[in-house]
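Here's a quick briefing to go with the fold you're about to look at. Take a moment to turn it around before reading on.

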Amino acid sequence: MTGKPVHQLFDYICGVSTGAILAFMLAMYQIPLDECEELYRKLGSDVFKQNVIVGTVKMGWSHAFYDSEIWENILKERMGEGHMIETARDPDCPKVSAVSTIVNRGLPLKAYVFRNYRLMPGVRSHYLGDCQHKMWQAIRASSAAPGYFQEFVLGKDLHQDGGLLINNPTALAIHECKCLWPNTPLQCVLSLGTGRHETAGKNNTTYTSLKTKLSHVISSATDTEEVHTMLDALLPPDTYFRFNPYMSEDIPLNESRSEKLNFLKVEGERYLERNEAKLRKAASVLSQEKGAIQRLAEWAKLKTDMYEGLPFISKL
């Protein structure tokens with residue numbers, strides 16, 4: 001609708017877990033959407049293949065059904081050894097971040113932001129983070145989903161999937177943007193969900209089973225819509241757009257069968273057709289040109305960041 005690639009439409013792109021993978025593909029590597037889909041399907045088929053018996057044994061001694069080493073090797077092969085900050089040398093690359101959860105610094109758990117940018121001197125983010133990590137490390141940490149992959153050790157920290165703490169990183173992204181551009185009003189905030197599936201509950205007014213209680217805790221911890229409700233109420237009109245389709249079937253995280261992925265794609269396309277007016281409005285807002293002062297400020301920040309990084313090589 002805009003006629004521009006994704007990385008040219010946004011100043012800042014943030015993702016958690018699977019969202020971080022897509023954010024890196026679209027923003028850092030600037031891969032066209034069609035190629036992103038093909039790569040994403042290939043990643044799923046390469047990573048989520050495991051004999052049930054072997055996976056069950058692995059769950060017993062490593063708490064991970066899938067081989068984390070295979071996942072790490074795939075990331076290293078595809079992404080190379082480039083560091084996050086090195087992408088700052090590319091004038092077409094927006095600010096990008098991936099979010100993980102640090103689980104070994106006591107309670108409460110702490111979010112960690114892998115950044116491809118530095119904050120200005122004297123500016124402190126509410127969130128821990130750094131720009132000196134390798135890109136594959138950021139994805140490995142952000143996607144370390146409990147039960148699927150082992151926790152990721154990085155320095156003295158133990159990282160798990162960012163969705164444990166921040167399953168919808170939109171508010172975090174806005175905070176980071178305010179740290180980067182404190183005097184610039186938000187023009188457009190676009191939030192993308194991975195789909196919602198509502199299940200029919202049993203109407204039992206006397207008690208709930210232990211399984212149900214645990215399901216409620218997990219559902220609460222991974223809820224994305226509360227952040228959406230808050231932002232929708234607080235942000236100015238025609239600034240915030242959320243797209244999160246209702247799914248007629250609950251698809252697990254590790255699904256890699258073509259027919260199921262095609263089903264997800266069709267469900268998403270139907271949702272966008274039903275919300276075409278909102279989609280066109282978002283595209284219109286994204287297409288608006290920036291003011292001269294904002295462009296000058298971004299040019300100065302880019303020149304500063306360009307000296308922080310070196311060219312990187314990728315096999316993506």
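Is C131 buried or exposed? At 2% relative accessibility, C131 counts as buried, because the cut-off for buried is under 20%. Keep in mind that this is a predicted model, so let's start with how far to trust it.

**Confidence**
- The protein chain has an average pLDDT of 85, and 79% of the residues reach at least 70.
- Strand β3 (residues 110–115) gets the highest confidence, at a mean of 98.
- Helix α3 (residues 52–62) sits at the other end, with the lowest mean, 53.
- Where pLDDT is low, don't read the predicted coordinates in detail.

**The cores**
- The largest nonpolar core is made of 46 residues.
- F24, M28, W71, M79, F114 and I139 have the most contacts inside this core.
- Helix α1 (residues 18–28) is the top contributor to the core, giving 8 residues.
- Want to zoom in on one of them? Leaving aside residues up to four places away in sequence, I139 touches A20, I21, F24, W71, L75 and M79.
- There's also a second, separate core of 13 residues, and Y12, L172, C177 and L180 are among them.

**The cysteines**
- How many disulfides does the structure hold? The count is 0.
- C14 is in no disulfide, because a disulfide needs sulfur atoms within 2.5 Å and the nearest cysteine sulfur, that of C177, is 8.9 Å away.
- C14 is buried, with a relative accessible area of 19%, and that counts because the cut-off is under 20%.

Key
Residues numbered from 1 in each chain as written. Predicted model: local features only at pLDDT ≥ 70, side-chain atom pairs only at ≥ 80, totals over all residues. Heavy atoms only, no water. pLDDT = per-residue confidence, 0-100. Helix = DSSP H or I, 4+ residues; strand = E, 2+ residues; numbered from the N terminus. Core = buried A, V, L, I, M, F, W, Y, C linked by side-chain atoms within 4.5 Å. Buried < 20%, exposed > 50% of the residue type's maximum accessible area, 1.4 Å probe, protein only. Contact = heavy atoms within 4.5 Å.
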